[in-house]
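Work through the following exercises with the sequence and the model side by side. Each task is followed by a solution that proceeds step by step.

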Amino acid sequence: MSTTVETVSAAARTAPAAVIVAIDGPSGTGKSSTSRAVATQLGLSYLDTGAQYRAITWWMLTNGIDVHDALEVATAAAKPVIVSGTDPTGPTITVDGEDASGPIRTQEVTSKVSAVSAVPEVRTRITELQRTIAEGAEKGIVVEGRDIGTTVLPDADIKIFLTASPEARAARRSGEVQGSDLAATKEALIKRDAADSGRKTSPLAKAADAVEVDTTELTLKQVIECVVTLVGEKQAAK
């Protein structure tokens, strides 16, 4: 009996502590790739909050909601059932039971998501969903977005804010989309930054206690290593 207790106690001592990691920043900073890789390496769950806002935007467009009519968007915000899978090696997202991982990445959704996500009722709905998922992650979770450290999970164990120059971000994003125009991509990123940073409800912002990592001159591998080290230090300190 005592041997079993000792074995369990030893395992508890050596197992890494569960942590909630908030990774924020604008598009093109390597946020998604970094978050998924860190979660995979550390055995944590993973949540792409941007995908949830894209999902509700796609639902609005599919169901004929005028996304520029804040009242209409607010009234419909509670209707879609959004389910996010949190396996970092294969994250999933469904809307009313339908796989939405492809449809939410269209240019139409991309161009409308800022308008939908600026509606307070939408942010309240999605924020509640995000908190529920984070609270249910037994081994810990990496949550990426734009307002995670400031609004969604202000008590996260560690907060990281990724940034990069507009030029670097545009080059990365253009590389992801075949045939895209670099100048147009840069302009679109800057426009979205302004919309997300300027909205009244939960704007894109760096939390006061977040660690800022400028990824402009770093490779993805270097960014991942940096974040894994920061998280590891936090786990060791818990």
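**Helix α3 and its partners**

Helix α3 passes α6 in a right-handed crossing, where right-handed describes a near helix turned clockwise from the far one by less than a right angle, and left-handed one turned anticlockwise. Helices (H or I, at least four residues) and strands (E, at least two) are DSSP runs, numbered from the N terminus. This is a predicted model, in which local features need pLDDT of at least 70 and side-chain atom pairs count only at pLDDT 80 or more, while totals for chains, interfaces and linings use all residues. Residues are numbered from 1 along each chain as its sequence is written, and side-chain values use heavy atoms, with hydrogens and water left out.

**Exercise 1.** Describe how α3 is oriented towards α6 and towards α5, and name the residues that make each contact.

*Solution.* Begin with α6: the axes of α3 and α6 come within 11 Å and cross at roughly 140°, where axes are lines fitted to C-alpha atoms, for helices over the stretch in contact, and angles run from 0 to 180 degrees between N-to-C directions. The two helices are therefore oblique to each other, given that angles under 35 degrees count as roughly parallel, over 145 as roughly antiparallel, 65 to 115 as roughly perpendicular and the rest as oblique. On the α3 side the contact is made by Thr49, Gln52, Tyr53 and Ile56, and among the α6 residues that meet them are Val122, Arg123 and Ile126; contact means heavy atoms within 4.5 Å.

Turn next to α5, whose axis comes within 9 Å of that of α3 and crosses it at roughly 100°, which makes α3 roughly perpendicular to α5. Tyr53, Arg54, Ile56, Thr57, Trp58 and Leu61 supply the α3 side of this contact, and the α5 side includes Val109, Val113 and Val116.

**Exercise 2.** Determine the order of the strands in the open sheet and how α3 lies on that sheet.

*Solution.* Three strands form the sheet in the order β3-β4-β5, with antiparallel pairing; two strands pair if DSSP finds at least two bridges between them. The edge strands, β3 (82-85) and β5 (98-99), each pair on one side only. Strand β4 (residues 92-95) and β5 are joined over two bridges, and Val95 stands opposite Glu98 in β5. Helix α3 (residues 49-62) packs on this sheet, touching β3, β4 and β5, and its direction makes about 25° with that of β4.

**Exercise 3.** Which residues of the largest nonpolar core touch the most other members, and which element gives the largest share?

*Solution.* A nonpolar core is a set of buried Ala, Val, Leu, Ile, Met, Phe, Trp, Tyr and Cys residues joined through side-chain atoms within 4.5 Å, with buried meaning under 20% relative accessible area, exposed over 50% and partly exposed in between (1.4 Å probe, protein chains only). Of the 24 residues in the largest core, Met60 and Val122 touch the most other members. The elements that give two or more residues are α3, α4 (70-76), β4, α5 (107-117) and α6 (120-135), and the largest share, seven residues, comes from α3. Leaving aside residues up to four places away in sequence, Val122 touches Tyr53, Ile56, Val73, Ala77, Val116 and Ser117. A second, separate core of 19 residues includes Val19, Val142, Val228 and Leu230.
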